[in-house]
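Here are some short exercises to work through with the structure open beside you. Try each task before reading its solution.

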Amino acid sequence: MALTQRLEFRQSQSLVMTPQLMQAIKLLQLSNLDLAAFVESELERNPLLERAGDDGPDSAATDSIPSETAAGFSDSEAAAFEDDGAGDRPGGQDSESASEEWMNRDLGSRTEIEQTFDSGLENVFPEEPSEAAARTAQDAAPTVFTEWGGGASSDDSYNLEAFVAAEVTLAEHLAEQLAVAVTEPAQRMIGRYLIDLVDDAGYLPPDLGEVGDKLGAGAGDVAAVLAVLQTFDPPGICARSLSECLAIQLREKDRYDPAMRALIEHLDVLAKRDFAALRRICGVDDEDLAEMIGEIRHLDPKPGLKFGATRTQTVVPDVYVRPGPDGGWLVELNSDTLPRVLVNQSYYAELSKTIRKDGDRTYFTDCLQNATWLVRALDQRARTILKVATEIVRQQDGFFTHGIARLRPLNLKVVADAIQMHESTVSRVTANKYMATNRGIFELKYFFTASIASADGGDAHSAEAVRHHIRRLIDAEDPAAVLSDDTIVEQLREAGIDIARRTVAKYREALRIPSSVQRRRDKQNLPGKPGTASGPSAGRSSDATPA
């Protein structure tokens with residue numbers, strides 16, 4: 001085959017991912033927190049971007065901003081910036097100049113003023129007793145917050161967080177107790193090293209053999225310091241296992257007797273709820289066993305979480321859904337999560353008149369283009385989220401009216417075809433977005449569930465609705481007749497849901513519901529009741545926990 005060189009002209013179409021398009025796609029899938037951080041970085045980097053409502057020196061010149069760059073501002077709202085300087089009226093300068101001239105007038109010394117009035121100043125301008133007392137108190141007390149050591153200013157811009165006490169961490173709490181309990185430097189060094197190994201839950205690693213090798217200390221010295229640390233507050237701290245943590249707390253309460261020790265050493269049997277075996281191990285009756293288990297339940301398995309625990313952040317919804325006056329549903333965006341930025345066209349116009357270097361002109365031109373694209377991308381993101389959320393509410397109207405039992409099967413293609421968008425766009429919109437409804441706050445992806453065929457050939461059922469149905473069946477089951485997976489399948493088919501047994505087992509495990517064997521043991525073999533599930537005659541179930 002001969003190789004030759006030739007020129008060819010070919011015409012084709014392709015989608016080019018411009019930087020602006022990639023930015024719009026990136027913004028679409030960001031959560032409201034990530035979006036706020038991204039916009040904040042853009043505000044610091046781009047001098048032509050500013051927040052809507054900032055009272056900067058050039059904020060009054062934003063009346064020339066086009067509507068597509070106003071990020072949701074109407075023409076009347078944008079024109080409001082023009083009235084900021086309306087306080088300057090004709091004639092106002094004369095009165096201000098006269099006032100300043102009178103204030104700056106030299107009245108002379110105290111002696112000259114007293115000669116003018118032919119009396120002392122204290123006789124001409126006497127102070128009321130209350131005013132004199134107030135002036136004395138004001139002179140004696142600090143006049144600003146900084147003199148009290150608060151670190152805040154006396155104006156309205158002081159930060160309230162400056163007056164909040166810092167949260168004490170677990171390491172600091174233990175270090176304070178170590179400084180009092182241990183005086184020898186070598187033991188204090190070992191204790192400090194062990195404190196650094198304590199995790200957030202208050203536990204130490206199970207194996208502390210390397211601690212002595214690293215510090216050059218004997219195993220006896222490490223054990224002695226560890227014994228001291230385990231007496232610190234909170235009780236149960238610096239334990240190496242759950243059993244040791246509970247044992248420390250029970251010793252603190254003087255309840256660590258031989259029977260309780262046997263129970264603590266067999267926590268795996270307690271987890272299986274094999275109370276008959278526990279009665280034999282501990283040598284107690286049902287009443288004493290129930291009392292011992294109750295004491296264990298009142299203990300803290302993670303004592304370290306009381307100090308420096310991570311605060312739970314409340315989910316801020318992106319969309320609100322409220323009942324409408326006509327019986328429908330009103331869908332609106334949460335304006336608090338939408339960054340409102342403007343492009344300062346006036347500042348760019350002033351810079352264009354003074355810029356002489358081509359590099360500077362190119363830089364500010366790029367900044368103007370990026371700022372304009374960012375504002376348009378934010379506006380398009382908000383419109384797309386509202387459009388997708390509105391279609392979801394229309395598709396899942398039964399859920400908002402009747403609850404999870406009426407949740408319909410839904411996929412991305414149905415919503416994408418309805419709003420004439422691509423499935424990937426809908427997928428990006430529903431990522432990390434939340435909707436506040438009359439039934440709680442849900443992620444947008446919650447409303448997209450797989451479909452399960454109907455047994456009678458009717459409408460398909462949502463997988464989430466089927467899981468809800470399974471949970472209701474198990475919650476209502478009789479302790480004397482625990483439902484197996486096969487029985488649940490039969491009852492679901494009677495309700496018109498065609499589902500396989502393995503699917504029921506998968507949904508049950510996803511809901512963290514144990515098998516019928518475990519549920520029967522939990523409901524029937526309780527302390528104080530005759531145990532029947534732990535003996536050899538215990539019934540077998542067909543839904544044993546799969547491997």
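**Exercise 1.** Which helices do the buried residues of H1 pack against?

*Solution.* Start with the ground rules: this is a predicted model, where local features need pLDDT of at least 70, side-chain atom pairs count only at pLDDT 80 or more, and totals for chains, interfaces and linings use all residues. Residues are numbered from 1 along each chain as its sequence is written, and side-chain values use heavy atoms, with hydrogens and water left out.

Next, find helix H1 at residues 19-28; its buried residues (under 20% relative accessible area, 1.4 Å probe, protein chains only) are Gln 20, Gln 23, Leu 27 and Leu 28. They lie on the same side of H1, because they cover an arc of only 135 degrees around the axis. Finally, look for contacts (heavy atoms within 4.5 Å): the partners are helix H2 (32-45), helix H18 (358-395) and helix H21 (423-430).

**Exercise 2.** Describe how H23 and H24 pack.

*Solution.* Locate H23 at residues 485-494 and H24 at residues 501-510. Their axes are 9 Å apart, at an angle of about 105 degrees. The two helices are therefore roughly perpendicular (65 to 115 degrees) to each other. Now list the contact: Asp 485, Asp 486, Ile 488, Val 489 and Leu 492 of H23 meet Arg 501, Val 504, Ala 505 and Arg 508 of H24. Sorting these residues gives 5 nonpolar, no polar and 4 charged.

**Exercise 3.** In what sense do S2 and S3 pair?

*Solution.* Strands S2 (residues 319-323) and S3 (residues 329-333) pair in the antiparallel sense, over 5 bridges. To check one bridge, go to Val 319, whose partner in S3 is Leu 333.

Notes: Two strands pair if DSSP finds at least two bridges between them. Helices (H or I, at least four residues) and strands (E, at least two) are DSSP runs, numbered from the N terminus. Axes are lines fitted to C-alpha atoms, for helices over the stretch in contact, and angles run from 0 to 180 degrees between N-to-C directions. Angles under 35 degrees count as roughly parallel, over 145 as roughly antiparallel, 65 to 115 as roughly perpendicular and the rest as oblique. Ala, Val, Leu, Ile, Met, Phe, Trp, Tyr, Cys and Pro count as nonpolar, Asp, Glu, Lys and Arg as charged, and the others, Gly among them, as polar. The arc is that of the directions from the helix axis to the C-beta atoms.
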